[in-house]
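Good morning, colleagues. Please turn to the sequence and the structure, which I shall now introduce.

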Amino acid sequence: MSREENFKNIISNIDISKYNIYEKNIVSNCLNTFRDPKESWTAKKYSQKRFADYKPFQFVDGEGVRCSIYLSGCLFGCKECFNESIQNFNVGELYTDEIENKIIEDLSQSYVQGLTILGGEPFLNTQVAIKLCERVRKEFGNTKDIWVYSGYTYEQLQIASEDKRELLNLCDVLVDGPFILALKDLTLKFRGSSNQRIIDIKKSEKENSIVLYLE
Ligand code: SF4
């Protein structure tokens, strides 16, 4: 199913009366709220290896107590992006061994369930995200889980460039897809719009179809 058909299906199931401004042309409004990814969107071309923020010991970016790093830069340009200020690849600080060591130290606390990588777009910062994930696996094996947020869908990442697939395979849970304003739903756990899915990456790979980690 093409991306447009997929979204048309999703959109046909929503109650548009809740979205007064979108009552007309809801399909085109939905489709126009973010940019479709291009093959030219590569980490090599765009990443400045920067992070905009690091928040240890919080509860909002996934299950349990987590340490979250927000990598700088995103090209999807979703309307009302929750983190618009860090769509710029040049904001924030350079990712260094110092911040990596701090993240590892924080993750070593027994009450911390895992790491969350978000942005910005982690898959356009694979140099940083892969290095960090490999370090987490080296230090903790699979005892800490890794969540990653992306404007790409799982299906897009599966056939994307090698670095994007490598990052996907290093993570446990993917929260996928762009934020679509017309599908915004504040009742959803750990995501902003109803097109976004919380996917169990390892099980999905094993079963060769999407297995949700959480509904
Ligand atoms: S994909 Fe995420 S970070 Fe990028 S513009 Fe959309 S909401 Fe913002």
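**The sheet, a helix pair and the ligand shell**

Strand β1, residues 50-58, pairs with β3 in the antiparallel sense, over two bridges. Within this pairing, F51 stands opposite E93 in β3. I should say at once that the model before you is predicted.

Let me place these strands in their sheet. The sheet is open and has eight strands, in the order β3-β1-β2-β4-β5-β6-β7-β8, with mixed pairing. Its edge strands are β3, at 93-94, and β8, at 212-214, each of which pairs on one side only.

I turn next to a helix that meets this sheet. Helix α5 lies across β2 (65-71), β4 (112-118) and β5 (145-149), and runs at about 165 degrees to β4.

How do α4 and α5 cross? Two packed helices are described by the angle between their axes and the distance between the axes. The axes of α4, residues 97-107, and α5, residues 126-140, come within 11 Å and cross at roughly 40 degrees. The two helices α4 and α5 are therefore oblique to each other, and their crossing is right-handed. On the α4 side the contact is made by E100, I103, I104 and L107, and on the α5 side by L132, R135, V136, E139 and F140. By class, this contact of α4 with α5 has six nonpolar, three charged and no polar residues.

Finally, the ligand. Which of the 15 residues around the ligand come nearest? They are C74, C78, C81, G151 and F179. The residues of the shell around the ligand divide into eight nonpolar, six polar and one charged. Thank you for your attention.

Definitions and conventions. Residues are numbered from 1 along each chain as its sequence is written. This is a predicted model: local features need pLDDT of at least 70, side-chain atom pairs count only at pLDDT 80 or more; totals for chains, interfaces and linings use all residues. Axes are lines fitted to C-alpha atoms, for helices over the stretch in contact, and angles run from 0 to 180 degrees between N-to-C directions. Helices (H or I, at least four residues) and strands (E, at least two) are DSSP runs, numbered from the N terminus. Angles under 35 degrees count as roughly parallel, over 145 as roughly antiparallel, 65 to 115 as roughly perpendicular and the rest as oblique. A crossing is left-handed if the near helix is turned anticlockwise from the far one by less than a right angle, and right-handed if clockwise. Two residues are in contact if their C-beta atoms, placed from the backbone, lie within 7 Å. Ala, Val, Leu, Ile, Met, Phe, Trp, Tyr, Cys and Pro count as nonpolar, Asp, Glu, Lys and Arg as charged, and the others, Gly among them, as polar. A residue is near a molecule or strand if its C-beta atom, placed from the backbone, lies within 6 Å of it. Two strands pair if DSSP finds at least two bridges between them.
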